[in-house]
Amino acid sequence: DRKLALIGSAGSGKSHLTRIWQAHNDATIVLACNLTGAEDLPEPGARIALEDMHLLPQAAEEYVFHLHNHLRATGGQLLLTATTAPSRWTIALPDLASRMQAATVVKIDDPDDDLLRVLLLKHFADRQLDPAPEVISYLARRIERSFQAAHDIVQTLDITALSRKSPITRALARTVLET
């Protein structure tokens, strides 16, 4: 049906992957929460990404139903992102709910230990920080296994280290985790 639901927790990379898909397919990205239901249908064969479908307003459900059917009839593509599977979306319109539940679902799972370490390194590098390897190991063993937790701890450590004018050390990481 040329539709895919990309499911993952906050910070898992859904928006990043959507932007890559957009660039390769001349697609349009729309935040589902911004839909009013008064939008015009796109050109035939369009490629549309609806992000955060779990936040779709009820007033926009009929539009998304017609959008889905329009894209299907004209050879378009529909990429849907959300934090939960289509079966868990609160869609009141039964025909739309059944069409969304028929989408192929790809789930981005929470990171394992190895990926969590890489994520921590990436978030530190994004902030031009290079903590000692023992800091990464210490954090990876103690934080929640989620994309958001990796982002949040690095942000908190960066802010705390700046305010204290100190480097990011294992001791600082312990202090931050204990508070």
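A residue is called buried when its relative accessible area is under 20%, exposed when that area is over 50%, and partly exposed in between. By this rule Arg170 counts as partly exposed, because its relative accessible area is 36%. The structure described here is a predicted model.

Arg170 lies in helix 7, and together with Arg141, Arg142 and Arg174 it forms a positive patch on the surface. Two helices, helix 5 (133-142) and helix 7 (170-178), each supply at least two residues of this positive patch.

Side chains of opposite charge can pair when their charged atoms come close. The structure holds 7 salt bridges, and the table lists some of them.

| Salt bridge | N to O distance |
|---|---|
| Asp1 and Lys3 | 3.4 Å |
| Arg117 and Asp114 | 4.0 Å |
| Lys122 and Asp126 | 2.3 Å |

In the pair of Asp1 and Lys3, Asp1 is exposed, with a relative accessible area of 53%, whereas Lys3 is buried, with a value of 8%. These two residues are also linked with Arg72 in a network of salt bridges.

Helix 4 (residues 113-126) contains both Arg117 and Asp114, which stand 3 residues apart, about one turn of the helix. Of these two, Arg117 is partly exposed at 28% relative accessible area, while Asp114 counts as exposed at 58%. Lys122 and Asp126 are separated by about one helical turn, because they are 4 residues apart in helix 4. Lys122 itself counts as partly exposed, with a relative accessibility of 44%.

Key. Residues are numbered from 1 along each chain as its sequence is written. This is a predicted model: local features need pLDDT of at least 70, side-chain atom pairs count only at pLDDT 80 or more; totals for chains, interfaces and linings use all residues. Side-chain values use heavy atoms; hydrogens and water are left out. Patches are made of residues with over 30% relative accessible area and no salt bridge: like charges are joined within 9 Å, nonpolar side chains (Val, Leu, Ile, Met, Phe, Trp, Tyr) within 5 Å. Accessible areas come from the Shrake-Rupley method with a 1.4 Å probe; for residues, only the protein chains shown count as cover. A salt bridge is a side-chain nitrogen of Lys or Arg within 4 Å of a carboxyl oxygen of Asp or Glu. Lys and Arg count as positive and Asp and Glu as negative; His and the chain ends are not counted. The place of a charge is taken as NZ of Lys, CZ of Arg, CG of Asp or CD of Glu. Buried means under 20% relative accessible area, exposed over 50%, partly exposed in between (1.4 Å probe, protein chains only).
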